[in-house]
Amino acid sequence: MQTPMKRLLSVQDISCFGKCSLTVALPIVSAMGVECAVLPTAVLSTHTGCGFRDYTFHDLTDDIPAIARHWESLGLTFHTLQSGYIGSAHQAELVKALFDRFGDGAIRVIDPVMGDGGQYYASFDREFTQSMKTLCRGADVIVPNLTEVSFLLDIPYCPDADEDALRTLLPRLCEEVGCKAAVITGARPDCHRQGAAGYVAATGEFVSAYNDHLAGTYHGTGDIFAAVLAGSLTRGLPLQKSLQNAVDFTVECIRRTQGDDAHYYGVRFEEALPRLLSMIP
Ligand code: PXL
């Protein structure tokens, strides 16, 4: 008798070209030995960053209720529910309803994708932030970057938050958003290290994981981080080890991409995939 496999549902867009959201979540989660079901929120010709203009955007919001009904008729269950890029406030509401429907006993990992570098991504604004906040309520873990932290808490963007500042922001996130744990990604507590800092509301425990600081900004790394974190948690690893996996894998992807100007749109994560095998039990 084979051991049952864990199943994760990843809810985010397919950017057909550009290596982010579902095109990184699927290979990463699968490589971690976790079944990856997907609910695409939209199909885009490329992602919306890195100077891409005139990209196509096909919204799939209207498909969500029928997909959910079909899954319900099949009696499908998920060990983990993960969400990333959500296209609109209405879609965020439907994803919230879907997570409530399939959420019994599932780990909810939500990346409130809204922006980077202190700016909203195209088509997001303060109103959308409120819907994202509602989706995040009750999540087991949310994984905002410092830009998204500033939007969620309605405070100025502070890219240079040191360890003390992170320890102030994290409990505020849990309290104001209403999530069980918060992880701030892209944290640079000093000029040598980059990684993630987390906080678990129920225990008051702070956790963090860092690796070498590598210069530059790389598109899709937040999605890669979230996929490895969700995969690790699904495989039953504790938050601390899951964070370390996510940080180490993301930094490895960046290291392999540095100096490759042809990869202006995403990182060379494919070559790092074998490393995931040593990160899980
Ligand atoms: O990597 C986050 C992301 C996901 N999906 C789409 C995006 C972005 C960031 O720009 O545009 C479509």
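This briefing covers the nonpolar cores, a buried aspartate, the salt bridges and one helix of a predicted model. Local features need pLDDT of at least 70 and side-chain atom pairs count only at pLDDT 80 or more, while totals for chains, interfaces and linings use all residues. Residues are numbered from 1 along each chain as its sequence is written, and side-chain values use heavy atoms, with hydrogens and water left out.

**Nonpolar cores**

- The largest nonpolar core (buried Ala, Val, Leu, Ile, Met, Phe, Trp, Tyr and Cys residues joined through side-chain atoms within 4.5 Å) has 46 residues, of which L9 and I142 touch the most other members.
- Helix α6 (residues 163–178) gives the most to this core, with six residues; helices are DSSP runs of H or I with at least four residues, and strands are runs of E with at least two, numbered from the N terminus.
- Beyond its neighbours within four places in sequence, L9 is in contact (heavy atoms within 4.5 Å) with residues that include W71, F78 and L98.

**The buried aspartate D13**

- D13, found in strand β1 (residues 7–17), is buried (under 20% relative accessible area, with exposed being over 50% and partly exposed in between, for a 1.4 Å probe and protein chains only).
- D13 has no salt bridge, and the nearest side chain of opposite charge, K19, is 15 Å away; for this purpose Lys and Arg count as positive and Asp and Glu as negative, with His and the chain ends not counted.
- The side chain of D13 makes polar contacts with the side chains of S15 (2.7 Å) and S21 (3.0 Å), a polar contact being a pair of N or O atoms within 3.5 Å, one able to donate a hydrogen and the other to accept it within protein, where residues adjacent in sequence count only if both atoms are side-chain atoms.

**Salt bridges**

- The whole structure holds 14 salt bridges, each a side-chain nitrogen of Lys or Arg within 4 Å of a carboxyl oxygen of Asp or Glu.
- R126 and D154 form one of them, with the closest N and O atoms 3.3 Å apart, and this pair links helix α4 (residues 126–136) to the loop between α5 (146–153) and α6.
- R193 and E163 meet at 3.2 Å, N to O, and belong with D190 to a network of salt bridges.

**Helix α8**

- In helix α8 (residues 239–257), the end C-alpha atoms are 27 Å apart, which agrees with the expected span of 27 Å, taken as 1.5 Å times one less than the number of residues.
- Of the 19 residues of α8, 14 are buried.
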